[in-house]
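User: I'm new to reading structures, and I'd like a close look at one part of this one, the hollow inside it. Could you keep it informal and take it step by step?

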Amino acid sequence: MERLEQGTRRLAVLLRLALEPDWIWAVLTDYGNLDRFIPNLMSSRELWRQGNRVALEQVGSQQFCGLRFSARVELELEEDPACGELRFRMLSGDFRRFEGAWRVDRDEISTRLLYDLTVQGKPGMPIGLIEQRLQQDLASNLRGVQQEAVRRACGGQNP
């Protein structure tokens, strides 16, 4: 995690997986079902699609210090399957800034899944308090994507 000015945080998590990239991509772009396998995501629904651009409404929830914190965002995503990149940026929501990318690629050893997020809370949002929670939740969210991709691959579904 990188601490930037004005309460902005940049977080990145990388997983190496023993799966073909197509399985990961299929899970990441299953927008209407993301809340089934990504912990802390309460809902995800597609608002519109125009070519390789998609808008989603998502509501996430985290618990810290005995309190439940939920946040809603409308995101615009740009799919670039040839490069294995899914870029997103907030159109509206409960943050000042929420943007980043999912990247899926393969090297000689494994498939790499990278999640890169830059987030800035609105004034009064205790970003310092939830820093550690964000890190833990990002890791568990990536593991959720991994587990769903493995489940699909082992179940014989097409990516």
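How many helices and strands does the chain have? And which residues lie nearest the centre of the largest cavity?

Analyst: Sure! One thing to keep in mind as you look: this is a predicted model. Let's get our bearings before going inside.

The chain has 3 helices and 8 strands. Starting from the N terminus, you meet two strands, then two helices, then six strands in a row, and finally a helix, so in shorthand the order is β-β-α-α-β-β-β-β-β-β-α. There are 159 residues, and 46% of them count as buried. If you take the contacts with a separation of 6 or more, 49% of them are between residues 24 or more positions apart. Keep that in mind when you trace the chain, as parts that are far apart in sequence do meet in space.

Now for the hollow. Searching the whole structure for cavities of 30 Å³ or more turns up 1, and its volume is about 590 Å³. What is around it? Its lining is made of 32 residues, and the ones nearest the centre are L41, Q58, F98, Y115 and N141. Try clicking on those five if you want to find the spot.

Several elements share the job of lining the cavity. Strands β4 (53–64), β5 (67–80), β6 (85–93), β7 (95–106) and β8 (111–121) each give at least two residues to the lining, and so does helix α3 (127–154). As for the kind of residue, 24 in the lining are nonpolar, 6 are polar and 2 are charged.

Let's zoom in on three of those strands, β6, β7 and β8. How do they sit together? Strands β6 and β7 pair in the antiparallel sense, with 5 bridges between them, and a hairpin takes the chain from one to the other through 1 residue. In this pairing, L86 has W102 in β7 as its bridge partner. Move on to β7 and β8 and you find another antiparallel arrangement, this time with 11 bridges. Their hairpin runs through 4 residues, and E99 stands opposite T118 in β8.

These strands also carry some aromatic rings that are fun to look at. The structure holds 4 aromatic pairs. One of them is F88 with F98, a tilted pair whose centres are 6.0 Å apart and whose planes make an angle of 40°. The two partners are 10 residues apart, with F88 in strand β6 and F98 in strand β7. Are they buried or exposed? F88 has a relative accessible area of 6%, so it is buried. F98 is buried as well, because its 15% is still under the 20% cut-off.

W102 and Y115 make another tilted pair, 4.3 Å centre to centre with 45° between the planes. Here W102 comes from strand β7 and Y115 from strand β8, 13 residues apart. W102 is buried at 11% relative accessible area, and Y115 is buried at 8%.

Step back and the rings come together: F88, F95, F98, W102 and Y115 form one aromatic cluster. Remember F98 and Y115? Both were among the residues nearest the centre of the cavity. That gives you a handy way to link the two pictures.

L41 was on that list too, and L41 is where strand β3 (41–50) begins. The residue just before the strand deserves a quick look. N40 is in the loop between α2 (34–37) and β3, and N40 has a positive phi of about 75° even though it is not a glycine. At 27% relative accessibility, N40 counts as partly exposed.

Finally, have a look at the stretch that comes earlier in the chain. Helix α1 (residues 21–28) is mostly covered, with 7 of its 8 residues buried. Those are P21, W23, I24, W25, A26, V27 and L28. D30 follows in the loop between α1 and α2. Is D30 buried or exposed? D30 counts as buried because its relative accessible area is 18%, which is under the 20% limit. Setting aside neighbours within four places in sequence, D30 is in contact with F37 and R152. F37 falls in helix α2 (34–37), while R152 falls in α3 (127–154), one of the elements that line the cavity.

Key. Residues are numbered from 1 along each chain as its sequence is written. This is a predicted model: local features need pLDDT of at least 70, side-chain atom pairs count only at pLDDT 80 or more; totals for chains, interfaces and linings use all residues. Side-chain values use heavy atoms; hydrogens and water are left out. On a 1 Å grid over the protein atoms alone, a cavity is a set of points where a 1.4 Å probe fits but cannot get out, and a pocket is an open set with protein on both sides within 12 Å along at least five of seven lines; lining residues have an atom within 4 Å of a point. Grid points are joined across faces, edges and corners, and a volume is the space filled by probe spheres set on the points. Ala, Val, Leu, Ile, Met, Phe, Trp, Tyr, Cys and Pro count as nonpolar, Asp, Glu, Lys and Arg as charged, and the others, Gly among them, as polar. Buried means under 20% relative accessible area, exposed over 50%, partly exposed in between (1.4 Å probe, protein chains only). Rings of Phe, Tyr and Trp (its six-membered ring) pair if their centres lie within 6.5 Å; planes under 30 degrees apart count as stacked, over 60 as edge-to-face and the rest as tilted. Two strands pair if DSSP finds at least two bridges between them. Contact means heavy atoms within 4.5 Å.
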